[in-house]
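Colleague: I'm new to this one and would like a close look at a single part, the surface and the charged pairs on it. Could you walk me through it, and point out what lies under cover as you go?

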Amino acid sequence: MYTLIDELVETIINDEIFIKYKQNNKLLEDDDLKMLVSRHQVIFEDYLRLKEYEKYVSIDETKKELLEVKKELSDHPLIQQYYQSYYALNDLLEEITNIVFMNISDDIITNRYK
């Protein structure tokens, strides 16, 4: 049984989908992208701090800035590539899970969309 598991793992890590995911994950180390993520984090922390005093101060400008940075992040090509490969890998792993657990039990839910 362990041999089969090892073969399955080996097959997964050699699959083009997993290789693409690893490549795209590595691309997230881009300095410009790190700066954008850092900027998002700082603005988000500011937003959370200001939210406590929302009765007394306007947080509209911070909220607007946060939405702009979120959009910039989600529109970033490296982020989009990463998420495409991430979802493809999840689909592959879900398919494998369904095959491995097929007909074992009706109580095991292997499909995340059920």
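Modeller: Methionine 1 sits in the segment before helix H1, which covers 2-14. Keep in mind that what you have in front of you is a predicted model. With a relative accessible area of 75%, methionine 1 is exposed, because anything over 50% gets that label. Methionine 1 also belongs to a nonpolar patch on the surface, together with Tyr2, Ile5, Val9 and Ile13. Taken together, those residues offer about 560 Å² of accessible area.

Let's jump along the chain to helix H5, residues 77-101, where you'll find isoleucine 96. Isoleucine 96 counts as buried, because its relative accessibility is 17% and the limit for buried is under 20%. What does isoleucine 96 touch once you leave aside its neighbours within four places in sequence? The answer is Leu8 and Ile12. Look at the distances for isoleucine 12: along the sequence, 84 residues separate it from isoleucine 96, yet from C-alpha to C-alpha the two are 9.4 Å apart in space.

Valine 100 is in helix H5 as well. Valine 100 has a relative accessible area of 45%, so it is partly exposed. Try a long hop from there to glutamate 65: the two are 35 residues apart along the chain, and their C-alpha atoms are separated by 46 Å.

That hop lands us at a negative patch on the surface, formed by Asp60, Glu61, Glu65 and Glu68. One of these residues, aspartate 60, is found in helix H4, which spans residues 60-75. Aspartate 60 counts as exposed because its relative accessibility is 53%.

Is threonine 62 buried or exposed? Threonine 62 is placed in helix H4 too, but at 14% relative accessibility it counts as buried. If you skip residues up to four places away in sequence, threonine 62 touches Ile43, Asp46, Tyr47 and Leu50.

Now for the charged pairs. As a general matter, side chains of opposite charge can pair when their charged atoms come close. How many salt bridges does the structure hold? There are 5 of them, and I'll show you some.

Take glutamate 72 and arginine 39, which form a salt bridge with their closest N and O atoms 3.3 Å apart. Glutamate 72 lies in helix H4 and arginine 39 in helix H3, residues 31-51, so this pair ties together parts that are 33 residues apart in sequence. How open are the two partners? Glutamate 72 is partly exposed, with a relative accessible area of 38%. Arginine 39 counts as partly exposed as well, at 39% relative accessibility.

While you're looking at arginine 39, find lysine 70, which sits in helix H4. From C-alpha to C-alpha, lysine 70 and arginine 39 are 10.0 Å apart in space, although their positions lie 31 residues apart in the sequence count. Lysine 70 counts as partly exposed, with 41% relative accessibility.

Another salt bridge joins lysine 71 and aspartate 75, and here the closest N and O atoms are 2.5 Å apart. Why does this pair span about one helical turn? Because lysine 71 and aspartate 75 are 4 residues apart in helix H4. Aspartate 75 is partly exposed, at 38% relative accessibility.

One further pair is worth finding: glutamate 29 and lysine 26. Their salt bridge has its closest N and O atoms 3.5 Å apart, so it fits within the 4 Å limit for such a bridge. Lysine 26 is exposed, with a relative accessible area of 55%, whereas glutamate 29, at 45%, is partly exposed.

To recap, the surface carries a nonpolar patch that includes Met1 and a negative patch that includes Asp60. Under cover you have threonine 62 and isoleucine 96, both of which count as buried. And if you'd like one charged pair to come back to, pick glutamate 72 with arginine 39, the pair that ties together parts of helix H4 and helix H3.

Methods: Residues numbered from 1 in each chain as written. Predicted model: local features only at pLDDT ≥ 70, side-chain atom pairs only at ≥ 80, totals over all residues. Heavy atoms only, no water. Patch = residues over 30% accessible without salt bridge, like charges linked within 9 Å, V, L, I, M, F, W, Y side chains within 5 Å. Areas by Shrake-Rupley, 256 points an atom, 1.4 Å probe, with all protein chains shown as cover. Salt bridge = Lys/Arg side-chain N within 4 Å of Asp/Glu carboxyl O. Lys, Arg positive; Asp, Glu negative; His and termini not counted. Charge placed at Lys NZ, Arg CZ, Asp CG, Glu CD. Helix = DSSP H or I, 4+ residues; strand = E, 2+ residues; numbered from the N terminus. Buried < 20%, exposed > 50% of the residue type's maximum accessible area, 1.4 Å probe, protein only. Contact = heavy atoms within 4.5 Å.
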